[in-house]
Amino acid sequence: MEKRVQFKSSWLPWALIAPQVIIISVFFFWPAGQAVLQSFQLQDAFGTSTEWVGMENFKRLWNDAGYLASFKTTAIFSILVAVLGIGLSLTLAIFADRIIKGALGYKTMLIVPYAVAPAVAGVLWIFMFSPCPLYQFPSPRDRTRISMPS
């Protein structure tokens with residue numbers, strides 16, 4: 001038997017769903033609508049003047065060989081990533097679900113990328129925004145004398 005929530009008032013479900021509808025409208029539908037509108041316009045580099053060009057942007061785009069080649073490459077890449085990613089994920093999930101020798105280590109290795117990725121991203125951001133070159137980067141022993149290079 002299926003359990004369903006019954007609300008005694010008719011306004012409560014709408015009140016509960018309203019914040020999500022507002023967030024989706026503001027952060028998805030409004031920018032998407034602006035993007036569609038701007039795709040029919042031609043703006044200068046600073047956005048100070050706008051001219052309505054209609055489908056001319058799309059005509060020029062579909063007649064550009066460079067765009068069509070990049071579109072083809074992107075489509076092939078997206079399809080392969082989706083198919084191989086989902087296929088590999090399902091395969092790993094099937095193996096993770098089975099009871100095999102070394103299952104704990106296997107499941108731990110599946111979780112490692114989620115733990116390592118933030119640390120790697122942090123190190124990369126430090127390298128990108130470091131005011132000093134990598135060879136001058138202070139070692140853990142020199143933490144007491146970290147200073148900006150002059």
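Let me start with Phe40, which is partly exposed because its relative accessible area is 22%, and partly exposed stands for values between the cut-offs of 20% and 50%. Please keep in mind, as I go on, that what we are looking at is a predicted model. Phe40 sits in the loop between α1, which covers residues 11-39, and β1, which covers residues 41-43.

Which residues does Phe40 contact, if we leave aside its neighbours within four places in sequence? They are Glu51, Trp52, Val53, Gly54, Met55, Asn57 and Phe58. To take one of these, Met55 is 15 residues away from Phe40 in sequence, and yet the C-alpha atoms of the two are 6.2 Å apart in space.

Another residue on that list is Asn57, and I would like to turn to it now. Asn57 belongs to helix α2, which spans residues 56-62. Is Asn57 buried or exposed? Asn57 is buried, because its relative accessible area is 17%, and the cut-off for buried is under 20%. Not counting residues up to four places away in sequence, Asn57 touches Gln38, Ser39, Phe40 and Gln41. With Ser39 we can be more specific, since a polar atom of the Asn57 side chain lies 2.9 Å from the backbone oxygen of Ser39.

Finally, a word on confidence. The average pLDDT of the protein is 84, and 85% of the residues score at least 70. Confidence is highest in α1, at 95, whereas helix α4, residues 103-129, has the lowest, at a mean of 81.

Notes
Residues are numbered from 1 along each chain as its sequence is written. This is a predicted model: local features need pLDDT of at least 70, side-chain atom pairs count only at pLDDT 80 or more; totals for chains, interfaces and linings use all residues. Side-chain values use heavy atoms; hydrogens and water are left out. Helices (H or I, at least four residues) and strands (E, at least two) are DSSP runs, numbered from the N terminus. Buried means under 20% relative accessible area, exposed over 50%, partly exposed in between (1.4 Å probe, protein chains only). A polar contact is a pair of N or O atoms within 3.5 Å; within protein, one must be able to donate a hydrogen and the other to accept it, and residues adjacent in sequence count only if both atoms are side-chain atoms. Contact means heavy atoms within 4.5 Å. pLDDT is the predictor's confidence in each residue, from 0 to 100.
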